[in-house]
Amino acid sequence: MEPNLRFGIAQRQSFFQRFLLWTELLDPTNLVISIEKIEKSRQLLFTNEDSARSNLDDQRIKDAWKMSLSTVHPDSSRLIPAVFRPAAFLPLTAPMVFLSMMPAKGIMSMVLPQVSFYAYTTAFTIINGNASYSHTPVERVLLGGGVFASSAFLGLLPQLAQMKYSLDNLWIKKALPVVIFAQVSGLSTFASRSFESTRGIEVVDKEGSVLGHSRRAGRKAVRETAVSRVLLFGTSAFIPEVFTYFYRRTRFFLQKPWSLWTTKLSCTILVMGLMVPASFSMFPQIGRAGALPLELPCQPHRSVFLVSLSVEEN
């Protein structure tokens with residue numbers, strides 16, 4: 001059985017335990033782990049089949065799990081490209097979120113952050129999403145291109161509206177971009193993983209044997225991931241805007257107005273630094289279905305597990 005899948009089935013963790021695990025998996029050093037080290041860690045996990053239930057106090061086992069969970073996809077067992085690993089998510093998206101929420105001074109400053117953000121998050125979601133459904137590379141490329149184009153267009157609507165119409169209400173000017181940003185992020189996630197809900201994802205028993213595919217499981221996986229993304233990006237855009245609103249009224253800002261950029265960027269990074277592991281921890285990656293009658297070819301009432309039910313990012 002794939003070690004990452006075995007870990008998800010064996011470890012029934014609480015939100016707090018998942019949060020602590022994600023703080024380790026999001027360590028930027030996971031971006032520069034050599035392939036040789038990853039292979040050695042995987043070999044160690046393959047030869048210690050009980051390592052997910054025991055030996056977690058062994059530092060070698062813990063390091064092996066950290067390397068495996070942060071770099072290898074649990075469905076395909078393939079190495080995740082470094083730029084799309086969970087550890088790359090915060091350093092790359094935080095500046096994009098910050099620039100997307102800043103007032104546009106021209107067409108390029110308005111378009112470039114939005115295009116970069118939705119291009120990266122769409123690719124990240126597809127690459128790290130469930131890979132157990134039937135698909136071809138061409139289908140995924142076409143899906144990703146369509147989702148990226150529509151998301152970027154919808155994301156630009158608030159700023160285009162502000163350029164065309166003068167919005168006098170300050171709260172509308174500030175709240176509308178945040179609401180649209182959060183909702184489009186959720187819709188983008190939902191659309192990027194739409195194949196999972198229409199074609200079904202794999203369902204396995206506690207031994208890792210595939211029992212079949214389930215569209216109901218796919219819908220649940222997509223819905224939970226979209227909800228977590230709405231909360232992640234909605235909160236990460238809203239709190240810095242509120243902070244900036246009050247910061248502008250301080251004496252320090254009046255004396256040093258140039259500090260607004262630095263302060264807002266720091267606030268965005270801080271909020272996202274807390275929200276990324278929190279959103280990834282909201283739902284377990286391997287969800288338990290219990291005795292739900294899913295669309296399986298056999299044994300529909302067995303206690304089953306939904307493979308990568310809420311792949312936040314593996």
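# A guided tour of the predicted model

Begin by selecting Tyr245, which lies in helix α10. The structure on screen is a predicted model. Is Tyr245 buried, partly exposed or exposed? Its relative accessible area is 24%, and because buried means under 20% and exposed over 50%, Tyr245 counts as partly exposed. Next, add Leu170 and Trp171 to the selection: Tyr245 is in contact with both, when neighbours within four places in sequence are left aside. Tyr245 and Trp171 are 74 residues apart in sequence, yet their C-alpha atoms are 10.0 Å apart in space.

Remain on helix α10 and select Val227, which also has its place there. Val227 is partly exposed, because its relative accessibility is 37%, between the limits of 20% and 50%. Now select Met282. Val227 and Met282 are separated by 55 residues in sequence and by 9.4 Å in space, from C-alpha to C-alpha.

Proceed to the largest nonpolar core, which has 35 residues. Which members should be selected as those that touch the most other members? They are Phe89, Phe117, Tyr120, Phe181, Phe233 and Val276. Several elements give two or more residues to this core, including α2 (15-25), α5 (86-100), α8 (170-192) and α10 (215-247). Colour α12 (259-280) separately, since with six residues α12 gives the most to this core. As a general background, nonpolar side chains tend to be buried together in soluble globular proteins.

Within the core, centre the view on Tyr120. Which residues does Tyr120 touch, not counting those up to four places away in sequence? They are Val83, Phe84, Ala88, Phe89, Leu92, Thr93 and Met96.

Now display helix α6 (residues 107-128) together with helix α7 (residues 137-164). Their axes come within 9 Å and cross at roughly 150°, and the crossing is right-handed. Where the two helices meet, α6 contributes residues including Ile107, Met110, Val111 and Tyr118, while α7 contributes residues including Arg140, Gly144, Phe148 and Leu156. Sorted by class, this contact has 14 nonpolar, six polar and one charged residues.

Finally, clear the selection and view the whole protein chain. The chain has 12 helices and four strands. Of its 314 residues, 47% count as buried. The chain exposes about 15300 Å², of which carbon and sulfur atoms supply 65%. Among contacts between residues at least 6 apart in sequence, 75% join residues at least 24 apart.

Conventions:
Residues numbered from 1 in each chain as written. Predicted model: local features only at pLDDT ≥ 70, side-chain atom pairs only at ≥ 80, totals over all residues. Heavy atoms only, no water. Axes fitted to C-alpha atoms, helices over the stretch in contact; angles between N-to-C directions. Left-handed = near helix turned anticlockwise from the far one by under 90°. Contact = heavy atoms within 4.5 Å. Nonpolar A, V, L, I, M, F, W, Y, C, P; charged D, E, K, R; others polar. Core = buried A, V, L, I, M, F, W, Y, C linked by side-chain atoms within 4.5 Å. Buried < 20%, exposed > 50% of the residue type's maximum accessible area, 1.4 Å probe, protein only. Areas by Shrake-Rupley, 256 points an atom, 1.4 Å probe, with all protein chains shown as cover.
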